[in-house]
Amino acid sequence: MGGSCLFGPQGPVIKIGVDLPLSGAEAGAAVPALNGIRYYVQQHPTLDGFTVVLSESDDSSGGLPDPHRGADNVRAFLQDPLVAAVIGPFDSNVARAEIPVANTSLLAMVSPVPAANDLHTSGSNNYFRLAPTDQLQGPAAADHLFKTLQLTRAAVISDHESYGQALADSFTTRYIKLGGSVVGRLDLDSSADHVAFLKRMKADGAQAVYYGGITANRGCTIRAEMLDAFGGNVAVPFVGGDGIAEDPACVRDAGANFAGMYATVPAVNPTDLPSAAPVIKGFKSAYPNPSDYGRYTVIAYDAAAIVYDAIDRAITAANGKLPARPAVLAMLAATSGLGGATGTIRFDANGDTTHRVISIVESPRLDRTAPWLAAGSVDYSAALPY
(Lines give C-alpha, C1' and ligand atoms only; values in the text may rest on other atoms or scores of the structure.)
Protein backbone atom coordinates (compact mmCIF):
# COMPACT_ATOMS: atom_id res chain seq x y z
CA MET A 1 0.00 0.00 0.00
CA GLY A 2 1.20 3.53 -0.62
CA GLY A 3 2.14 5.52 -3.65
CA SER A 4 -1.44 6.04 -4.88
CA CYS A 5 -3.51 9.03 -3.97
CA LEU A 6 -7.05 10.04 -4.91
CA PHE A 7 -8.13 13.61 -4.23
CA GLY A 8 -11.61 14.36 -3.03
CA PRO A 9 -13.32 17.74 -2.57
CA GLN A 10 -11.42 18.33 0.68
CA GLY A 11 -8.05 16.79 -0.13
CA PRO A 12 -6.55 13.32 -0.50
CA VAL A 13 -8.80 10.32 0.14
CA ILE A 14 -8.38 7.39 2.50
CA LYS A 15 -10.89 4.54 2.43
CA ILE A 16 -12.37 2.21 5.03
CA GLY A 17 -13.82 -0.99 3.63
CA VAL A 18 -17.13 -2.26 4.99
CA ASP A 19 -18.22 -5.86 4.45
CA LEU A 20 -21.63 -6.82 5.81
CA PRO A 21 -24.67 -8.88 4.72
CA LEU A 22 -26.59 -5.88 3.42
CA SER A 23 -29.31 -7.95 1.74
CA GLY A 24 -31.13 -11.13 2.65
CA ALA A 25 -31.88 -12.67 6.03
CA GLU A 26 -29.35 -10.71 8.10
CA ALA A 27 -29.87 -7.29 6.52
CA GLY A 28 -32.29 -6.29 9.27
CA ALA A 29 -29.38 -6.29 11.73
CA ALA A 30 -26.52 -5.47 9.34
CA VAL A 31 -27.97 -2.34 7.70
CA PRO A 32 -28.49 -0.59 11.08
CA ALA A 33 -24.86 -1.46 11.86
CA LEU A 34 -23.80 0.12 8.57
CA ASN A 35 -25.85 3.16 9.53
CA GLY A 36 -23.82 3.48 12.73
CA ILE A 37 -20.60 3.43 10.69
CA ARG A 38 -22.00 5.96 8.22
CA TYR A 39 -23.10 8.22 11.05
CA TYR A 40 -19.61 8.26 12.53
CA VAL A 41 -18.09 9.16 9.16
CA GLN A 42 -20.71 11.86 8.64
CA GLN A 43 -19.68 13.33 12.00
CA HIS A 44 -15.98 13.00 11.12
CA PRO A 45 -15.66 13.47 7.35
CA THR A 46 -11.91 14.16 7.39
CA LEU A 47 -8.95 12.72 9.24
CA ASP A 48 -5.54 14.39 9.32
CA GLY A 49 -6.20 16.14 6.03
CA PHE A 50 -7.64 13.06 4.32
CA THR A 51 -11.27 12.80 3.22
CA VAL A 52 -12.66 9.53 4.58
CA VAL A 53 -14.68 7.44 2.13
CA LEU A 54 -16.50 4.20 2.91
CA SER A 55 -16.12 1.37 0.40
CA GLU A 56 -19.24 -0.72 1.09
CA SER A 57 -19.70 -4.35 0.04
CA ASP A 58 -22.53 -6.85 0.50
CA ASP A 59 -21.38 -10.39 1.33
CA SER A 60 -24.84 -11.97 0.93
CA SER A 61 -25.81 -14.24 -1.92
CA GLY A 62 -29.14 -15.97 -2.32
CA GLY A 63 -30.39 -14.29 0.83
CA LEU A 64 -27.64 -15.61 3.10
CA PRO A 65 -24.09 -14.56 4.02
CA ASP A 66 -21.74 -16.12 1.47
CA PRO A 67 -18.12 -16.88 2.46
CA HIS A 68 -16.98 -16.96 -1.18
CA ARG A 69 -18.52 -13.59 -1.93
CA GLY A 70 -17.04 -12.19 1.27
CA ALA A 71 -13.57 -13.40 0.32
CA ASP A 72 -13.99 -11.83 -3.13
CA ASN A 73 -14.97 -8.55 -1.48
CA VAL A 74 -11.78 -8.60 0.58
CA ARG A 75 -9.72 -9.30 -2.54
CA ALA A 76 -11.28 -6.20 -4.09
CA PHE A 77 -10.31 -4.19 -1.02
CA LEU A 78 -6.75 -5.48 -1.34
CA GLN A 79 -6.64 -4.28 -4.95
CA ASP A 80 -7.51 -0.73 -3.85
CA PRO A 81 -4.41 0.85 -2.30
CA LEU A 82 -6.53 3.49 -0.57
CA VAL A 83 -8.32 0.95 1.67
CA ALA A 84 -6.53 1.19 5.02
CA ALA A 85 -8.74 -1.15 7.09
CA VAL A 86 -12.05 -3.03 7.00
CA ILE A 87 -15.08 -3.02 9.29
CA GLY A 88 -16.78 -6.41 9.21
CA PRO A 89 -17.75 -9.12 8.64
CA PHE A 90 -20.97 -10.12 10.40
CA ASP A 91 -20.96 -13.90 10.12
CA SER A 92 -18.49 -16.51 11.47
CA ASN A 93 -18.33 -18.57 8.28
CA VAL A 94 -17.70 -15.45 6.23
CA ALA A 95 -15.01 -14.39 8.69
CA ARG A 96 -13.25 -17.75 8.34
CA ALA A 97 -13.02 -17.18 4.59
CA GLU A 98 -12.05 -13.51 4.76
CA ILE A 99 -9.47 -13.34 7.53
CA PRO A 100 -6.72 -15.36 5.79
CA VAL A 101 -7.21 -13.34 2.57
CA ALA A 102 -6.89 -10.04 4.41
CA ASN A 103 -3.95 -11.37 6.39
CA THR A 104 -1.86 -11.77 3.23
CA SER A 105 -1.52 -7.97 3.17
CA LEU A 106 -1.89 -7.46 6.94
CA LEU A 107 -5.16 -5.65 6.31
CA ALA A 108 -6.82 -4.99 9.66
CA MET A 109 -10.43 -6.11 10.18
CA VAL A 110 -12.69 -4.91 13.00
CA SER A 111 -16.00 -6.67 13.53
CA PRO A 112 -18.76 -4.99 15.56
CA VAL A 113 -20.56 -8.27 16.20
CA PRO A 114 -19.94 -11.52 18.07
CA ALA A 115 -18.61 -14.59 16.30
CA ALA A 116 -17.18 -18.01 16.93
CA ASN A 117 -14.10 -18.29 19.09
CA ASP A 118 -11.83 -19.96 16.51
CA LEU A 119 -11.43 -17.23 13.92
CA HIS A 120 -7.85 -16.10 14.24
CA THR A 121 -5.33 -17.06 11.59
CA SER A 122 -1.74 -18.16 12.01
CA GLY A 123 0.94 -15.49 12.05
CA SER A 124 0.13 -11.87 12.84
CA ASN A 125 -3.43 -11.38 14.05
CA ASN A 126 -5.38 -9.02 11.82
CA TYR A 127 -8.89 -9.59 13.22
CA PHE A 128 -10.42 -7.67 16.12
CA ARG A 129 -13.93 -7.67 17.50
CA LEU A 130 -15.88 -5.37 19.80
CA ALA A 131 -18.52 -7.84 20.89
CA PRO A 132 -17.78 -10.84 23.13
CA THR A 133 -17.41 -14.21 21.44
CA ASP A 134 -20.34 -16.58 20.94
CA GLN A 135 -18.60 -18.85 23.45
CA LEU A 136 -20.05 -16.68 26.25
CA GLN A 137 -23.68 -16.84 25.12
CA GLY A 138 -24.42 -20.34 26.43
CA PRO A 139 -22.86 -19.67 29.84
CA ALA A 140 -24.72 -16.37 30.16
CA ALA A 141 -28.03 -18.12 29.44
CA ALA A 142 -27.13 -20.75 32.05
CA ASP A 143 -26.34 -18.05 34.61
CA HIS A 144 -29.62 -16.27 33.87
CA LEU A 145 -31.67 -19.46 34.16
CA PHE A 146 -29.95 -20.77 37.29
CA LYS A 147 -29.16 -17.57 39.22
CA THR A 148 -31.82 -15.08 38.14
CA LEU A 149 -34.81 -17.28 37.31
CA GLN A 150 -33.70 -19.93 39.84
CA LEU A 151 -34.57 -22.84 37.58
CA THR A 152 -32.48 -25.95 38.12
CA ARG A 153 -33.69 -28.45 35.48
CA ALA A 154 -33.57 -27.78 31.74
CA ALA A 155 -33.95 -29.57 28.41
CA VAL A 156 -31.52 -28.69 25.61
CA ILE A 157 -32.23 -28.62 21.86
CA SER A 158 -29.81 -27.66 19.10
CA ASP A 159 -29.93 -27.36 15.35
CA HIS A 160 -27.37 -29.01 13.07
CA GLU A 161 -25.19 -25.93 12.57
CA SER A 162 -21.91 -25.32 14.37
CA TYR A 163 -23.19 -22.07 15.92
CA GLY A 164 -26.19 -23.72 17.53
CA GLN A 165 -24.39 -26.83 18.70
CA ALA A 166 -21.62 -24.74 20.25
CA LEU A 167 -24.20 -22.69 22.15
CA ALA A 168 -25.96 -25.81 23.37
CA ASP A 169 -22.67 -27.40 24.47
CA SER A 170 -21.45 -24.33 26.34
CA PHE A 171 -24.84 -23.83 27.99
CA THR A 172 -24.83 -27.44 29.18
CA THR A 173 -21.31 -27.24 30.59
CA ARG A 174 -21.97 -24.05 32.53
CA TYR A 175 -25.43 -25.07 33.74
CA ILE A 176 -24.15 -28.34 35.18
CA LYS A 177 -21.17 -26.53 36.75
CA LEU A 178 -23.59 -24.18 38.50
CA GLY A 179 -25.50 -27.16 39.91
CA GLY A 180 -28.28 -27.47 37.36
CA SER A 181 -29.43 -30.67 35.65
CA VAL A 182 -29.87 -31.18 31.90
CA VAL A 183 -32.66 -33.72 31.72
CA GLY A 184 -32.35 -34.41 27.98
CA ARG A 185 -30.97 -33.20 24.67
CA LEU A 186 -32.35 -33.29 21.14
CA ASP A 187 -30.42 -32.41 17.99
CA LEU A 188 -32.92 -31.37 15.34
CA ASP A 189 -33.28 -33.30 12.12
CA SER A 190 -36.14 -34.02 9.74
CA SER A 191 -37.18 -37.10 11.71
CA ALA A 192 -37.13 -35.51 15.17
CA ASP A 193 -40.44 -35.70 17.02
CA HIS A 194 -40.27 -32.43 18.93
CA VAL A 195 -43.53 -32.79 20.82
CA ALA A 196 -42.77 -36.32 22.03
CA PHE A 197 -39.37 -35.11 23.26
CA LEU A 198 -40.91 -32.12 25.00
CA LYS A 199 -43.50 -34.31 26.72
CA ARG A 200 -40.70 -36.57 28.00
CA MET A 201 -38.88 -33.49 29.25
CA LYS A 202 -41.96 -32.31 31.13
CA ALA A 203 -42.30 -35.75 32.69
CA ASP A 204 -38.64 -35.53 33.74
CA GLY A 205 -39.21 -32.22 35.47
CA ALA A 206 -37.79 -29.76 32.94
CA GLN A 207 -38.40 -26.18 34.08
CA ALA A 208 -37.02 -24.57 30.92
CA VAL A 209 -35.99 -25.37 27.34
CA TYR A 210 -32.71 -24.06 25.93
CA TYR A 211 -32.38 -23.82 22.15
CA GLY A 212 -29.03 -23.43 20.43
CA GLY A 213 -29.69 -22.31 16.87
CA ILE A 214 -31.25 -19.71 14.62
CA THR A 215 -34.82 -18.74 13.80
CA ALA A 216 -34.39 -19.78 10.15
CA ASN A 217 -33.98 -23.41 11.26
CA ARG A 218 -37.50 -23.29 12.68
CA GLY A 219 -36.22 -23.37 16.24
CA CYS A 220 -38.90 -21.01 17.53
CA THR A 221 -41.66 -23.37 16.36
CA ILE A 222 -40.51 -25.44 19.34
CA ARG A 223 -41.90 -22.67 21.54
CA ALA A 224 -45.27 -23.08 19.83
CA GLU A 225 -45.06 -26.86 20.32
CA MET A 226 -44.42 -26.35 24.03
CA LEU A 227 -48.11 -25.41 24.32
CA ASP A 228 -49.01 -29.05 23.65
CA ALA A 229 -46.33 -30.45 25.95
CA PHE A 230 -46.30 -27.97 28.83
CA GLY A 231 -49.56 -26.09 28.39
CA GLY A 232 -49.67 -22.31 28.25
CA ASN A 233 -47.43 -21.89 31.28
CA VAL A 234 -44.86 -19.19 30.47
CA ALA A 235 -43.18 -20.05 33.77
CA VAL A 236 -41.45 -22.69 31.59
CA PRO A 237 -39.27 -20.33 29.54
CA PHE A 238 -37.72 -20.91 26.16
CA VAL A 239 -34.16 -19.57 26.02
CA GLY A 240 -31.81 -19.06 23.07
CA GLY A 241 -28.98 -16.95 21.68
CA ASP A 242 -28.74 -13.98 19.36
CA GLY A 243 -29.85 -16.28 16.54
CA ILE A 244 -33.41 -15.67 17.80
CA ALA A 245 -33.05 -12.45 19.81
CA GLU A 246 -35.39 -9.59 18.91
CA ASP A 247 -36.43 -11.44 15.77
CA PRO A 248 -40.02 -10.83 14.61
CA ALA A 249 -39.91 -14.15 12.73
CA CYS A 250 -39.17 -15.97 15.99
CA VAL A 251 -42.16 -14.32 17.64
CA ARG A 252 -44.34 -15.31 14.66
CA ASP A 253 -43.09 -18.90 14.73
CA ALA A 254 -43.85 -19.14 18.46
CA GLY A 255 -47.53 -18.53 17.70
CA ALA A 256 -49.76 -17.95 20.70
CA ASN A 257 -46.89 -18.93 23.00
CA PHE A 258 -44.66 -15.95 22.10
CA ALA A 259 -44.37 -14.67 25.67
CA GLY A 260 -41.79 -16.16 28.02
CA MET A 261 -38.86 -16.37 25.58
CA TYR A 262 -35.41 -15.11 26.53
CA ALA A 263 -32.27 -14.66 24.44
CA THR A 264 -28.67 -13.61 24.90
CA VAL A 265 -27.11 -10.77 22.90
CA PRO A 266 -23.30 -10.61 23.07
CA ALA A 267 -23.08 -6.86 23.48
CA VAL A 268 -23.79 -4.32 26.16
CA ASN A 269 -27.18 -2.64 25.80
CA PRO A 270 -26.18 0.92 24.84
CA THR A 271 -29.44 2.39 26.14
CA ASP A 272 -28.17 1.55 29.65
CA LEU A 273 -24.97 3.59 29.17
CA PRO A 274 -24.74 7.35 29.83
CA SER A 275 -21.76 7.44 27.43
CA ALA A 276 -23.98 6.27 24.58
CA ALA A 277 -26.88 8.65 25.18
CA PRO A 278 -25.61 11.56 23.02
CA VAL A 279 -24.69 9.19 20.19
CA ILE A 280 -28.13 7.56 20.22
CA LYS A 281 -29.86 10.94 20.36
CA GLY A 282 -27.80 12.33 17.50
CA PHE A 283 -28.17 9.18 15.43
CA LYS A 284 -31.95 9.07 15.76
CA SER A 285 -32.13 12.70 14.72
CA ALA A 286 -30.08 11.95 11.60
CA TYR A 287 -31.81 8.59 10.97
CA PRO A 288 -35.42 9.01 12.17
CA ASN A 289 -36.82 5.76 10.75
CA PRO A 290 -37.08 3.25 13.68
CA SER A 291 -35.73 0.45 11.46
CA ASP A 292 -32.54 2.45 10.89
CA TYR A 293 -31.41 1.72 14.44
CA GLY A 294 -30.54 -1.76 15.69
CA ARG A 295 -28.74 -3.66 18.41
CA TYR A 296 -25.34 -3.20 16.70
CA THR A 297 -25.70 0.43 15.57
CA VAL A 298 -23.80 1.99 18.47
CA ILE A 299 -21.10 -0.68 18.67
CA ALA A 300 -20.57 -0.31 14.91
CA TYR A 301 -20.22 3.44 15.51
CA ASP A 302 -17.47 2.54 18.01
CA ALA A 303 -15.86 0.22 15.43
CA ALA A 304 -15.51 3.22 13.13
CA ALA A 305 -14.05 5.26 16.00
CA ILE A 306 -11.43 2.60 16.69
CA VAL A 307 -10.44 2.37 13.03
CA TYR A 308 -10.15 6.16 12.86
CA ASP A 309 -7.96 6.20 15.97
CA ALA A 310 -5.59 3.57 14.56
CA ILE A 311 -5.39 5.29 11.17
CA ASP A 312 -4.79 8.63 12.87
CA ARG A 313 -1.79 7.28 14.78
CA ALA A 314 -0.49 5.54 11.66
CA ILE A 315 -0.73 8.75 9.61
CA THR A 316 1.17 10.60 12.32
CA ALA A 317 3.89 7.93 12.29
CA ALA A 318 4.05 8.26 8.48
CA ASN A 319 4.58 12.03 8.75
CA GLY A 320 1.15 12.83 7.35
CA LYS A 321 1.29 10.44 4.41
CA LEU A 322 -1.05 7.60 3.51
CA PRO A 323 -0.07 4.89 5.99
CA ALA A 324 0.88 1.33 5.11
CA ARG A 325 -1.61 -1.36 6.10
CA PRO A 326 0.79 -3.12 8.51
CA ALA A 327 1.22 0.20 10.34
CA VAL A 328 -2.56 0.60 10.74
CA LEU A 329 -2.75 -2.99 12.00
CA ALA A 330 0.02 -2.37 14.54
CA MET A 331 -1.73 0.73 15.85
CA LEU A 332 -5.03 -1.12 16.08
CA ALA A 333 -3.44 -3.92 18.10
CA ALA A 334 -2.03 -1.31 20.48
CA THR A 335 -5.48 0.19 21.18
CA SER A 336 -5.85 0.57 24.94
CA GLY A 337 -8.27 2.64 26.91
CA LEU A 338 -10.07 4.34 24.03
CA GLY A 339 -13.27 5.90 25.33
CA GLY A 340 -16.13 4.79 23.11
CA ALA A 341 -19.89 5.20 23.29
CA THR A 342 -20.13 1.62 24.63
CA GLY A 343 -17.36 2.09 27.21
CA THR A 344 -13.60 1.88 27.44
CA ILE A 345 -12.25 -0.23 24.59
CA ARG A 346 -9.28 -2.56 24.92
CA PHE A 347 -8.29 -5.75 23.12
CA ASP A 348 -6.62 -8.82 24.58
CA ALA A 349 -3.74 -10.63 22.90
CA ASN A 350 -6.21 -12.42 20.59
CA GLY A 351 -7.84 -9.19 19.43
CA ASP A 352 -10.97 -9.86 21.49
CA THR A 353 -12.68 -7.18 23.55
CA THR A 354 -11.99 -7.15 27.28
CA HIS A 355 -15.49 -5.71 27.84
CA ARG A 356 -17.36 -9.02 28.04
CA VAL A 357 -20.97 -8.10 28.75
CA ILE A 358 -23.82 -10.33 27.55
CA SER A 359 -27.27 -8.73 27.53
CA ILE A 360 -30.45 -10.71 28.18
CA VAL A 361 -33.65 -9.79 26.36
CA GLU A 362 -37.20 -11.06 26.82
CA SER A 363 -39.89 -11.44 24.18
CA PRO A 364 -42.99 -9.21 24.27
CA ARG A 365 -45.46 -10.22 26.94
CA LEU A 366 -48.78 -9.01 25.53
CA ASP A 367 -48.37 -7.40 22.10
CA ARG A 368 -46.40 -9.60 19.71
CA THR A 369 -45.39 -6.54 17.67
CA ALA A 370 -43.84 -4.75 20.65
CA PRO A 371 -40.06 -4.56 21.12
CA TRP A 372 -38.28 -7.18 23.19
CA LEU A 373 -37.63 -6.14 26.78
CA ALA A 374 -34.32 -5.72 28.58
CA ALA A 375 -34.10 -8.54 31.13
CA GLY A 376 -30.63 -8.06 32.62
CA SER A 377 -27.02 -8.74 31.74
CA VAL A 378 -24.11 -10.97 32.69
CA ASP A 379 -20.63 -9.46 32.92
CA TYR A 380 -17.60 -11.71 32.39
CA SER A 381 -15.09 -8.85 32.14
CA ALA A 382 -13.40 -9.76 35.43
CA ALA A 383 -13.41 -13.53 34.93
CA LEU A 384 -14.41 -15.95 32.20
CA PRO A 385 -16.98 -18.66 33.02
CA TYR A 386 -14.85 -21.55 31.75
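Two strands pair if DSSP finds at least two bridges between them. By that rule β14 pairs with strand β17 (residues 357-362), as four bridges join the two, and they run antiparallel. The model is predicted. This briefing covers an open sheet of seven strands, the helices that lie across part of it, and the aromatic pairs, whose count comes to 13.

**Sheet layout**

- The order of the seven strands is β11-β10-β12-β13-β14-β17-β18, and their pairing is mixed.
- The edges are formed by β11 (181-187) and β18 (373-379); each has a single partner strand, so one side of each is left without a neighbour in the sheet.
- On average, neighbouring strands of this sheet are turned by 20° against each other, with direction ignored.
- Strands of a sheet pair through backbone hydrogen bonds, in either the parallel or the antiparallel sense.

**Strand β14 and its neighbours**

- Strand β14 (residues 261-265) has five of its five residues buried, so it is largely enclosed by the rest of the structure.
- Both faces of β14 are covered: M261, A263 and V265 are buried on one side, and Y262 and T264 are buried on the other.
- With β13, β14 runs parallel, and three bridges join the two strands.
- Across this pairing, F238 stands opposite M261 in β14.
- Between β13 and β14 the chain passes through helix α8 (residues 248-253), and this β-α-β crossover is right-handed.
- Towards β17, the bridge partner of Y262 is E362.

**Strands β12 and β13**

- The pairing of β12 with β13 is parallel and rests on two bridges.
- V209 stands opposite F238 in β13.

**Helices across the sheet**

- Helix α5 (residues 162-178) lies across β10 (153-158), β11 and β12, and runs at about 165° to β10.
- Helix α6 (residues 194-203) also lies across β10, β11 and β12, and runs at about 175° to β11.

**Aromatic pairs**

- A pair of aromatic rings is described by two values, the distance of the centres and the angle of the planes.
- The count of aromatic pairs comes to 13.
- In one pair, F90 and Y296, the ring centres are 5.8 Å apart and the planes stand at 90°, so the pair is edge-to-face.
- F90 lies in the loop between β7 (83-87) and α3 (92-103), and Y296 in the loop between α9 (277-286) and α10 (297-317), so the pair ties together parts that are 206 residues apart in sequence.
- Both F90 and Y296 are buried.
- The rings of Y211 and F238 have centres 6.0 Å apart and planes at 15°, so this pair is stacked.
- This pair links distant parts of the chain, with Y211 in strand β12 (residues 208-212) and F238 in strand β13 (residues 238-240), 27 residues apart.
- Y211 has 0% relative accessibility and therefore counts as buried.
- F238 likewise counts as buried because its relative accessibility is 0%.

**Aromatic cluster and a charge over a ring**

- Y39, Y40, F283, Y287, Y293, Y301 and Y308 are linked into a cluster by ring pairs.
- Over the face of Y293 lies K284, at 4.6 Å from the ring centre.

Methods:
Residues are numbered from 1 along each chain as its sequence is written. This is a predicted model: local features need pLDDT of at least 70, side-chain atom pairs count only at pLDDT 80 or more; totals for chains, interfaces and linings use all residues. Side-chain values use heavy atoms; hydrogens and water are left out. Rings of Phe, Tyr and Trp (its six-membered ring) pair if their centres lie within 6.5 Å; planes under 30 degrees apart count as stacked, over 60 as edge-to-face and the rest as tilted. Buried means under 20% relative accessible area, exposed over 50%, partly exposed in between (1.4 Å probe, protein chains only). A charge sits over a ring if NZ of Lys or CZ of Arg is within 6 Å of the ring centre and within 35 degrees of the ring normal. A crossover is right-handed if, with the strands pointing away from the viewer, the path from the first strand over the helix to the second runs clockwise. Axes are lines fitted to C-alpha atoms, for helices over the stretch in contact, and angles run from 0 to 180 degrees between N-to-C directions. Contact means heavy atoms within 4.5 Å.
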